[in-house]
Amino acid sequence: MLTKVNVKWREEAVSHFMTELIDYAGLFPPAALPLPEAISNFHAYIHDSDSWMLGPFVIPASRLGELKPFKAQFNDQYPLSLSVILTKSEEIGTEMEAIQLFLETYKTAGTIEAIEFPLPPQINSSFLENLEKRTGSYPIYCEMTGTNDQLLYTLDTIHSINQKSLKRIGIKMRMGGITANLFPSVNQAAFVIHECQKRELALKFTAGLHHPIRQYRTEVETRMHGFVNVFTASIMAYSRSVNTATIQAILLDEDPTNFSFTTDSLSWRDFTVSSADIIKARSFFAASYGSCSFNEPREELGELTIFHGEAIR
């Protein structure tokens with residue numbers, strides 16, 4: 001993963017932290033934009049000076065056919081990069097055909113960066129092996145649900161499959177939604193981060209991470225996880241092998257002054273990682289997160305006074 005920089009965000013630890021961090025999910029709640037508006041936004045973002053923070057456009061496979069009218073807006077230099085959500089196990093063949101048709105239509109103006117798939121609470125190895133084989137060479141992230149015992153079984157099964165395959169299956173974790181009950185507890189989030197790190201399973205997140213630092217929000221009447229908290233915890237788990245209690249403490253922290261970026265490091269309290277650690281963790285473990293807003297996260301991050309050493313803005 002190459003770090004891209006511009007005049008506002010210099011090549012420092014925060015740049016490595018933010019590179020291609022935000023997958024644009026404008027089609028999904030709470031924004032739930034019409035496709036033309038979401039595509040227009042993505043087109044603007046890939047031409048923005050902060051485009052290096054942007055990941056792919058997230059879209060259900062069932063809607064890929066609606067993208068044909070927008071082909072002229074993209075080209076090989078500024079392609080429509082997608083992360084495609086498959087919807088049902090019985091529709092995988094049809095949905096993979098839709099992906100192929102999109103690529104044939106867009107040619108070099110479109111790419112598939114990843115595939116996402118929501119798993120049922122109970123799965124078996126043959127189901128996952130079939131999913132791995134039928135999704136070609138694309139990276140795949142499986143969204144999990146269920147009890148801790150069910151999650152552990154799923155993680156162990158995926159780990160076992162990964163040991164035998166050149167393609168690695170990763171994990172997708174939902175961090176919120178439009179109502180309070182959709183936000184996982186800190187204990188749940190820390191559990192998944194820690195168990196994925198132990199099994200070397202790549203991890204991406206979705207929903208609920210609009211704000212840098214954990215905070216109470218009246219619109220959902222609960223505390224929302226902060227993306228700085230979540231990715232700092234994940235990077236520390238990968239690079240420093242911190243325990244579950246430390247991961248929980250990072251996720252719970254609502255004081256932005258406990259987080260600090262310098263020119264070549266990220267610190268939370270007494271724990272520090274280097275820029276090289278951040279790059280490695282982001283490349284192999286803490287992949288990205290889906291957000292229906294690209295503006296809100298980067299603007300709020302830029303307003304924080306957690307940057308030390310040479311000024312980045």
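The exercises below deal with one residue and several salt bridges in a predicted model.

**Exercise 1.** Decide whether S267 is buried or exposed, and find which side chain makes a polar contact with the side chain of S267.

Solution.
- Step 1: Locate the residue. S267 is part of strand 11, residues 265–268.
- Step 2: Apply the cut-off. Buried means under 20% relative accessible area. S267 has 14% relative accessibility, so S267 counts as buried.
- Step 3: List the contacts. With neighbours within four places in sequence left aside, S267 touches M236, N258, F259, S260 and T272.
- Step 4: Pick out the polar contact. The side chains of S267 and T272 make one at 2.7 Å.

**Exercise 2.** Work out which parts of the chain the salt bridge between K164 and E129 ties together.

Solution.
- Step 1: Recall the principle. Side chains of opposite charge can pair when their charged atoms come close.
- Step 2: Check the distance. The closest N and O atoms of K164 and E129 are 3.6 Å apart.
- Step 3: Place both residues. K164 is in helix 5 (residues 148–164) and E129 in helix 4 (residues 125–134), so the bridge ties together parts 35 residues apart in sequence.
- Step 4: Compare accessibility. K164 is exposed at 62%, while E129 is partly exposed at 27%.

**Exercise 3.** Describe the salt bridge between E143 and K172.

Solution.
- Step 1: Give the distance. It is 3.6 Å, N to O.
- Step 2: Place the pair. E143 lies in strand 5 and K172 in strand 6, 29 residues apart.
- Step 3: State the exposure. Both E143 and K172 are buried.
- Step 4: Widen the view. Salt bridges with shared partners join E143 and K172 with D23, E116, R174 and K204 in one network.

Methods:
Residues numbered from 1 in each chain as written. Predicted model: local features only at pLDDT ≥ 70, side-chain atom pairs only at ≥ 80, totals over all residues. Heavy atoms only, no water. Helix = DSSP H or I, 4+ residues; strand = E, 2+ residues; numbered from the N terminus. Buried < 20%, exposed > 50% of the residue type's maximum accessible area, 1.4 Å probe, protein only. Polar contact = N/O pair within 3.5 Å; in protein donor to acceptor, adjacent residues only side chain to side chain. Contact = heavy atoms within 4.5 Å. Salt bridge = Lys/Arg side-chain N within 4 Å of Asp/Glu carboxyl O.
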